[in-house]
Amino acid sequence: MSLLSLIAVFLIEQLQPLHYRRVVAEPLAAWADYIESRCNAGSYRHGVLAWCLAVLPPVLLVAVVYALLY
């Protein structure tokens, strides 16, 4: 079953490719710009805090969704 679904996904991707820039790159760039504008004070601690604010919420969201689906 998984082989057939992979083949189907690859065929669909060939027919109508994903608009990577619109779907992935622009939202991530906007998120990074927002975090940088709010947390960029120039010190190392602020960089660590900004990284934690940028990375941990999406990771925790994915973990919660995974736990609910499991």
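The following conversation between a trainee and a mentor works through a predicted model of a protein.

Trainee: How many helices and how many strands are there in the protein, and in what order do the elements run?
Mentor: Reading from the N terminus on, the elements run α-α-α. That order fits the count for the protein, which is 0 strands and 3 helices.

Trainee: Is the protein a compact globule, or is it more spread out than one?
Mentor: Along the principal axes, the C-alpha atoms fill a box of roughly 50 × 30 × 15 Å. For 70 residues the globule rule gives 11 Å, whereas the radius of gyration of the protein is 18 Å, which is well over that value. The protein is therefore, compared with a compact globule, more spread out.

Trainee: What share of the 70 residues counts as buried?
Mentor: A residue has to fall under 20% relative accessible area to be called buried. The protein exposes about 6600 Å², of which carbon and sulfur atoms supply 72%. Of its 70 residues, the share that counts as buried is 6%.

Trainee: How many residues of helix 1 are buried?
Mentor: Helix 1 takes in residues 2-15, and from its first C-alpha to its last it reaches 20 Å, close to the 20 Å expected for its 14 residues. This helix lies largely in the open, because the number of its residues that are buried is 0.

Trainee: At which residue does the kink in helix 2 lie?
Mentor: Helix 2 covers residues 20-39, and its end C-alpha atoms are 27 Å apart, which agrees with the 28 Å that its 20 residues should span. Even so, the helix has a kink of about 25°, placed shortly before proline 27. The residue at which this kink lies is glutamate 26.

Trainee: Is tyrosine 20 buried or exposed, and what is its relative accessible area?
Mentor: Tyrosine 20 is found in helix 2, as is alanine 30. Alanine 30 counts as partly exposed because its relative accessibility is 45%, and the cut-off for exposed is over 50%. Tyrosine 20 passes that cut-off and is exposed, with a relative accessible area of 53%.

Trainee: By how much does helix 3 bend at leucine 56?
Mentor: Helix 3 runs over residues 44-69, and its 26 residues should span 38 Å, which agrees with the 37 Å between its end C-alpha atoms. Within four residues after leucine 56 there follows a proline, namely proline 57. The bend of helix 3 at leucine 56 is about 30°.

Trainee: Why is there no bond between the sulfurs of cysteine 39 and cysteine 52?
Mentor: A disulfide needs two cysteine sulfur atoms within 2.5 Å, and a search of the whole structure finds 0 disulfides. Cysteine 39 counts as buried, at 15% relative accessibility, whereas cysteine 52 is partly exposed, with a relative accessible area of 28%. The closest cysteine sulfur to that of cysteine 39 is in cysteine 52, and the two are too far apart for a bond because the distance is 10 Å.

Trainee: Which kind of aromatic pair do tyrosine 66 and tyrosine 70 form?
Mentor: The structure holds 2 aromatic pairs, and in one of them the rings of tyrosine 66 and tyrosine 70 have their centres 6.0 Å apart. Both tyrosine 66 and tyrosine 70 are exposed. Planes under 30 degrees apart count as stacked, and the planes of these two rings are at 20°, so the pair is stacked.

Methods. Residues are numbered from 1 along each chain as its sequence is written. This is a predicted model: local features need pLDDT of at least 70, side-chain atom pairs count only at pLDDT 80 or more; totals for chains, interfaces and linings use all residues. Side-chain values use heavy atoms; hydrogens and water are left out. Buried means under 20% relative accessible area, exposed over 50%, partly exposed in between (1.4 Å probe, protein chains only). Helices (H or I, at least four residues) and strands (E, at least two) are DSSP runs, numbered from the N terminus. The expected span of a helix is 1.5 Å times one less than its number of residues. The bend at a residue is the angle between axes fitted to the seven residues ending there and the seven starting there. Rings of Phe, Tyr and Trp (its six-membered ring) pair if their centres lie within 6.5 Å; planes under 30 degrees apart count as stacked, over 60 as edge-to-face and the rest as tilted. The radius of gyration is taken over C-alpha atoms; the globule rule is 2.2 Å times the number of residues to the power 0.38. Accessible areas come from the Shrake-Rupley method with a 1.4 Å probe; for residues, only the protein chains shown count as cover.
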